[in-house]
Amino acid sequence: MDTNNEKEVLFNPGCEPVVEDEERRRLLWLMAEYFRTIGYTDIKARLPGFMPPPILSGTIEDARPDFTCRQSDSARTPIILEIVTPSMVEEPTAENRWSLLASAAKLYNAELHFVVPKWASTGAVDPTLKRRLARMELTANRVWTV
């Protein structure tokens, strides 16, 4: 069986790009387990064993969030979460994706969260991400450094 077909068999559709990137996969597993542990519900993640989040339709392109869930507050506030690795923080195509995620967060009264690694060989990722989001005039409810 060829490698591409094996991936199609082993992984849920919608999680392939995350599963192929070890750093993104590790951060996403960590956040999925954390939110499950604190009692958040309707967890959807681009990971094997999870239902992937729905695809969001955009004007330029469509995008699937890395992770979505609902908080345990009375409003069951949704969270849209994006994993950002050092190689992704300056990626030109990220602007369309992040703008779409921010628009979806506004539309669904959701919180927009980003997750970055605490340590990277290139330096801290969170200040770079925050500067880029500010240039784009996007506001994240929280940037997690893990």
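Which residue lies over the face of Trp144? In this predicted model, for which local features require pLDDT of at least 70 and side-chain atom pairs count only at pLDDT 80 or more, totals for chains, interfaces and linings use all residues. Residues are numbered from 1 along each chain as its sequence is written, and side-chain values use heavy atoms, with hydrogens and water left out. Arg142 takes the position over the ring of Trp144, at 3.5 Å from the ring centre, where a charge is taken to sit over a ring if NZ of Lys or CZ of Arg is within 6 Å of the ring centre and within 35 degrees of the ring normal.

The fold was described in terms of helices (DSSP runs of H or I, at least four residues) and strands (DSSP runs of E, at least two), both numbered from the N terminus. An open sheet is formed by 5 strands in the order E1-E2-E3-E4-E5, with mixed pairing, two strands being paired if DSSP finds at least two bridges between them. The edges are occupied by strand E1 (41–45) and strand E5 (142–145), each of which has a single partner strand, so that one side of each is left without a neighbour in the sheet. On average, and with direction ignored, neighbouring strands of this sheet are turned by 20° against each other; axes are lines fitted to C-alpha atoms, for helices over the stretch in contact, and angles run from 0 to 180 degrees between N-to-C directions. Strand E1 runs antiparallel to strand E2 (residues 67–70), to which it is joined by 3 bridges, and Lys44 stands opposite Thr68 in E2.

Two helices pack against this sheet, as judged by contact (heavy atoms within 4.5 Å). Helix H3 (residues 22–37) lies across E1, E2, strand E3 (78–83), strand E4 (111–116) and E5, running at about 155° to E3, whereas helix H4 (residues 94–107) lies across E3 and E4 and runs at about 170° to E3.

Aromatic pairs were assigned to rings of Phe, Tyr and Trp (its six-membered ring) whose centres lie within 6.5 Å, planes under 30 degrees apart counting as stacked, over 60 as edge-to-face and the rest as tilted. By this rule the count comes to 7 aromatic pairs. One of them joins Trp29 and Phe50, which meet edge-to-face at 5.7 Å centre to centre with 65° between the planes; because Trp29 lies in helix H3 and Phe50 in the loop between E1 and E2, the pair ties together parts that are 21 residues apart in sequence. Burial was assigned from relative accessible area (buried under 20%, exposed over 50%, partly exposed in between, with a 1.4 Å probe and protein chains only). Trp29 is partly exposed, at 32%, while Phe50 is buried, at 10%. The rings of Trp98 and Phe114 likewise form an edge-to-face pair, since their centres are 5.6 Å apart and their planes stand at 80°, and this pair ties together parts 16 residues apart in sequence because Trp98 lies in helix H4 and Phe114 in strand E4. Trp98 is buried at 0% relative accessibility, and Phe114 is buried at 0% as well. In addition, Tyr34, Phe35, Tyr40, Phe67 and Trp144 form one aromatic cluster.

Polar contacts (pairs of N or O atoms within 3.5 Å; within protein, one must be able to donate a hydrogen and the other to accept it, and residues adjacent in sequence count only if both atoms are side-chain atoms) were then examined at two buried residues. Gln71, placed in the loop between E2 and E3, is buried at 12% relative accessibility, and its side chain is joined to that of Glu111 by a polar contact of 3.2 Å. Residues up to four places away in sequence not being counted, Gln71 touches Tyr40, Arg76, Thr77, Pro78, Ile79 and Glu111. Arg132, in helix H5 (residues 126–135), is buried at 3% relative accessibility, and its side chain reaches the backbone oxygen of Val89 at 2.7 Å. Beyond its neighbours within four places in sequence, the contacts of Arg132 include Met88, Glu90, Pro92 and Trp98.

Most residues other than glycine have a negative phi. Arg76, in the loop between E2 and E3, has a positive phi near 50° and is partly exposed at 40%. Asn109, in the loop between H4 and E4, also has a positive phi, of about 50°, and counts as exposed at 64% relative accessibility.
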